[in-house]
Amino acid sequence: MKDNRKLWQWPWRYKESFVFILGLMLVGFALQLTVGSFNFYLLASPINYTIGGLFLLFFGFFSYSKRKTKLYTWLTSIPFSVTLIGGLLILSIFMGSIPQRLTASKSSMPLYSQFGFDAVTSMWSFVILYFLTLLSLGLTISKKLWRLQKKDFIFHTSHIGLWVLLFAAGLGSADMKRYVMHIPEGEVEWRVYSPEKDILELPIAIQLHDFIMEEYPPQLALINKTNGKLYPDSKKSFFSLDSPSPIGELGPYQVELKKYIHNAIRSSDTLYREAHMPGATPAAHITVKTNNNLTKTGWVSGGNAIQLFSTIDIDSIYSIVMTRPEPKRFLSKVDIFTKDGKEYLNQEIEVNKPFKTGDWTIYQYGYDNEAGKLSSYTSLELVYDPWLTYAYIGIGLLFVSSIALVIQGKPTKSRKI
Amino acid sequence: MTWNNFIYFAYPTLLCWGVSGVLINLRKYRKLALLLMSLGLLIFFSFIIGLWIGQNRPPLRTMGETRLWYSFFLSAIGLLTYYRWRYSWLLTFSSLVASIFIGINILKPEIHSANLMPALQSYWFIPHVTVYILSYAMLGAATIAASIKLYKINKGETEQGLLLFIDNLIYIGFGFLMLGLLMGALWAKEAWGHYWSWDPKETWAFITCAAYLIYIHMRLRNSHLKTTLWLLPLAFILLLITWIGVNYLPSAQTSIHTYS
């Protein structure tokens, strides 16, 4: 199809869309250099609700009365949407390649930083394209809503779902708050740290009864005592203490596991016994066969803040040591109280198992990494997101449309140009 | 039941799926192939259930256990997709990848118990990864088909069949891609506190989706066919960056999507 139109001659297609969107991005860059990066929190409630309402009114009005205009046709056309997605794609490539900062600082010198490429989500060009997407997507939906047809099921679920999700995740995120709360065992806490490290008081108080951590059985490793490095250096060799076979290799040596105690305490210089108490540490009783057929038997343990470690010296250079156990799961046993009088007693908050009350979600965030399972406090993250339900509605609609897409594939009826 | 019983289930399953993956390509034996595929699924699933009962917890905690589910779902969804779309190569592909996962569990028993860190212990983990594997397979196949189509266009051939096939693969593959992304978002909300944080892996997943969206939208009109087809190899490169390349980018230093 030969296109003999001049630029800006209706109907507008790819050329016009490209120039228009590039122009808007340049306006964005100019704004970036003059007023700095865009502050999304300016859109916090009630601004975002107002913008949402205006968007809907505008879609209703525009699609009712201006549906036949050239401008409307262009804004909802494929060339326009393709160019728009292309613009977002290119900005996202910068975002995905350059390390991003949480907040763009004005004093930073590098040119890419002045243009906002190290904080793309608060870049004017990105924000402009985001709003343009909401506009074009909304108009496209409203155009088809006037003549609802069954065959447009995937169109509507995917486009409406995307619009709702984009709105909730973008404009809605201005209302989102994330705080970290550190609670010592046995105590009640309602003060939190904001990302800027300010201390705030929340309408939620949490009492920590117990912080529990389960660990995976650790591994045995060979180290060079003179420099503390693993041996052999090139090919890291470990002996797994929960492997099905008790005999294995550790570097050039053969190791046989005689006994493994996951919760052990040292009862004498040469003996460990099982004991389920704070401060227990994994310990392994092993026999090592060295090259010249000598054997050594003894206990190896990684130790912790309470117990000293144990190693087996192979010779004056090499020792067998135990690695730090990795966490299997960690959780906080808590009571949660809200200011409006709700109580949730004996709750467990664990990674991947947050606790939800109202618009707040409470996550297991961290603990004292040095102390590991002996940590005397827990760190919880409290996230406030009043737009979460909308985001889930958007995700749900997109989910339905994706399943329908897999089942339906590309409609075979050929389309008109 | 424990891992010691694994081989008694694994070998029969491998046999069923292996034979099925070959026979599905021979018109005469298709029914037999589908029967064997289902039989393999049944044998394999009974091991998973047995292990579940034997260990008194769902087998979802170690890498080895995760691979069991990959094998199971790849074959199951591969079979369902075959029933819907009759792409025999896809069934061969799913049974091959599912068998590789079984093979790893047989040959490398020492990594059965490679520890699954707490953030990965989620029911989203397996479906999230499985649909991505299927999506990548279909989008990869579409890329190859697009190269063939471009070659044919350059030679002046104009038949439409291959183009419809490419479009169909992209639609299904994109559907799976979106499902993977959405499950990732739901999981991220449970594990990291937000469903979308523009983590480098997420950003590149968005980029990949955007690229395929451009293809899908441009194909709604019949103009610019060659340019549109060229988008597919380009989009697949972006997909590969999302999958493998992102760990090597400077932005990866801040990623929470690295598990080594």
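Okay, a quick term before we start: pLDDT is the predictor's confidence in each residue, on a scale from 0 to 100. We need that because what you're looking at is a predicted model.

So how does chain B do? Its mean pLDDT is 88, and 95% of its residues score at least 70. If you go element by element in chain B, α7(B) comes out highest, with a mean of 96, while α3(B) is lowest, at 86. For the complex, the predictor reports an ipTM of 0.88 along with a pTM of 0.87.

Now, the two chains together. On the chain B side, 51 residues are in contact with 49 residues of chain A. Which helices of chain B each give at least two residues to that side? That would be α3 (63–85), α6 (161–192) and α7 (200–218). The biggest contributor is α6(B), with 15 residues. As for what kinds of residues chain B brings to chain A, we've got 31 nonpolar, 15 polar and 5 charged.

Let's stay inside chain B for a minute. The chain splits into domain 1, covering 3–116, and domain 2, covering 125–254. Going by C-alpha atoms, the centres of those two domains of chain B are 26 Å apart. Where they touch, domain 1 of chain B puts in 10 residues and domain 2 of chain B puts in 8.

On the domain 1 side, α3 and α4 (88–107) of chain B each supply at least two residues. And α3(B) has the largest share there, 7 residues. By class, that side of domain 1 of chain B has 9 nonpolar residues, 1 polar and no charged ones.

So keep an eye on α3(B): this helix gives at least two residues to the side facing chain A, and 7 to the side of domain 1 that touches domain 2 of chain B.

Note on methods. Residues are numbered from 1 along each chain as its sequence is written. Chains are lettered from A and ligands numbered from 1 in the order in which they are written. This is a predicted model: local features need pLDDT of at least 70, side-chain atom pairs count only at pLDDT 80 or more; totals for chains, interfaces and linings use all residues. Two residues are in contact if their C-beta atoms, placed from the backbone, lie within 7 Å. Helices (H or I, at least four residues) and strands (E, at least two) are DSSP runs, numbered from the N terminus. Ala, Val, Leu, Ile, Met, Phe, Trp, Tyr, Cys and Pro count as nonpolar, Asp, Glu, Lys and Arg as charged, and the others, Gly among them, as polar. Domain bounds come from an automatic or database domain assignment.
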